[in-house]
Amino acid sequence: MTNIAILYASSEGQTAKVSRYIKELLTKKGFKAEVYNLNDLPKKFSITGYKGIIVGASVHIGSHQKYGIEYVKDNIESLNEVKSAFFSICLAKINNSEKTIGRGEKQLQRFLKKTGWKPDKTAVFSGALKYSKYGFMKKVLMKFISKLMGEETDTSKDYEYTEWNKVEKFVNEFMSEIS
Ligand SMILES: Cc1cc2nc3c(=O)[nH]c(=O)nc-3n(C[C@H](O)[C@H](O)[C@H](O)COP(=O)(O)O)c2cc1C
C-alpha cells in the first residue's frame, strides 16, 4: 500500500490542523498516511520508508520555524530521493491581491532556498488568526500586523482563512504524480 508521511512545524496549531486534514483525505482515498510533528518525531522515523513525504510549516515574522528548516536541511538527500511536497501557511494570501499572493510565494521560495530542497509540488495556503490563543504581546503584535495587512483586528474572535478546497486539490495532484 502507498504510504505517505506528513511532517509539520506549527506554532499555533493551524499547520497541524491542515496536516491532519491531509491525513484524513489520504486515508479516505485508501492510502496509508501518518502525521508527525517535526518537534516530536519518533527516533526510528525514516523518510526513505515512505513512498511520499509532505512537509508543512508556517510563517512567523517573515520566516518558517527554525526546527522545520533544520530538519529539511539535515535530511535533504533522502527528501530529494522520494516524491515530496511542501506547503507553506501564512496570512499573505488572505485578501488575494497580487501583492499578498506574491509575498506568500516569496516566503515559500525562501524556505526552499534556505534548505536546498526541490519538492515535486508546492503550495501556499492561508492560515488563521487565533487571537484567543495568543498571549498579550502576540495579540498586540498580530493586531498591528493585521491592521497593516487590512485583516481582522477584533481580537475578541478567532479567524480561519484556510482554503480547504485548495488543500484537497494540492493533495489530489500530488497523489496523481505518485500513483
Ligand atoms: C507572532 C506571529 C507572527 C506572524 N508573522 C507572519 C508573517 O510575517 N507573515 C505572514 O504571512 N503571516 C504571519 N503570521 C500568521 C501565521 O502564519 C498564521 O497565523 C498561521 O496560521 C500560523 O500557523 P501555525 O498555527 O501552524 O503556526 C504570524 C502569526 C503570529 C502569531
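Leaving out neighbours within four places in sequence, T2 is in contact with F31, K32, K51, I178 and S179, where contact means C-beta atoms, placed from the backbone, within 7 Å. T2 sits in the segment before β1, strands being DSSP runs of E with at least two residues and helices runs of H or I with at least four, numbered from the N terminus. T2 and M175 are 173 residues apart in sequence, yet 9.7 Å apart in space, C-alpha to C-alpha. With 16 other C-beta atoms within 10 Å, T2 is partly exposed; 20 or more would make a residue buried, 12 or fewer exposed, and anything in between is partly exposed, with C-beta atoms placed from the backbone.

A word on the model itself. It is predicted, so local features need pLDDT of at least 70 and side-chain atom pairs count only at pLDDT 80 or more, while totals for chains, interfaces and linings use all residues. Residues are numbered from 1 along each chain as its sequence is written.

**Two domains and a ligand**

The protein chain splits into domain 1 (3-127 + 162-178) and domain 2 (128-161), with bounds from an automatic or database domain assignment. Their contact takes eight residues from domain 1 and eight residues from domain 2. On the domain 1 side, the residues that touch domain 2 are two nonpolar, five polar and one charged. Taken over C-alpha atoms, the centres of the two domains are 23 Å apart.

Where does the ligand lie relative to domain 1 and domain 2? Both domains give residues to the shell around the ligand, so it lies between them. Of the 22 residues around the ligand, E12, T15, S58, C90 and G127 come nearest; a residue is near if its C-beta atom, placed from the backbone, lies within 6 Å. The elements giving two or more residues to that shell are α1 (14-28), β3 (52-60), β5 (83-90), β7 (128-130) and α5 (136-149). The largest share, four residues, comes from α5. By class, the shell has eleven nonpolar, nine polar and two charged residues. Here Ala, Val, Leu, Ile, Met, Phe, Trp, Tyr, Cys and Pro count as nonpolar, Asp, Glu, Lys and Arg as charged, and the others, Gly among them, as polar.

**Two helices from the shell**

The expected span is 1.5 Å times one less than the number of residues.

| Helix | Residues | Expected span | End C-alpha distance |
|---|---|---|---|
| α1 | 15 residues | 21 Å | 21 Å |
| α5 | 14 residues | 20 Å | 20 Å |

Just after α5, G150 takes a positive phi of about 75 degrees. α1 is followed by G30, whose phi is also positive, near 90 degrees. The buried residues of α1 are Q14, T15, V18, S19, I22, K23 and L26. An α-helix has 3.6 residues a turn, so residues three or four places apart point the same way.

**The core and two other isoleucines**

The largest nonpolar core has 37 residues, of which I4, I6, L7, I53, I54, V55 and F87 touch the most other members. Such a core is a set of buried Ala, Val, Leu, Ile, Met, Phe, Trp, Tyr and Cys residues joined through C-beta atoms within 7 Å. Not counting residues up to four places away in sequence, I53 touches A5, L7, I47, L79, V82 and S84.

I61, in the loop between β3 and β4 (63-64), has a positive phi of about 45 degrees although it is not a glycine. I61 counts as exposed because it has 6 C-beta neighbours inside 10 Å. I101 is in helix α4 and counts as partly exposed, with 15 C-beta neighbours inside 10 Å.
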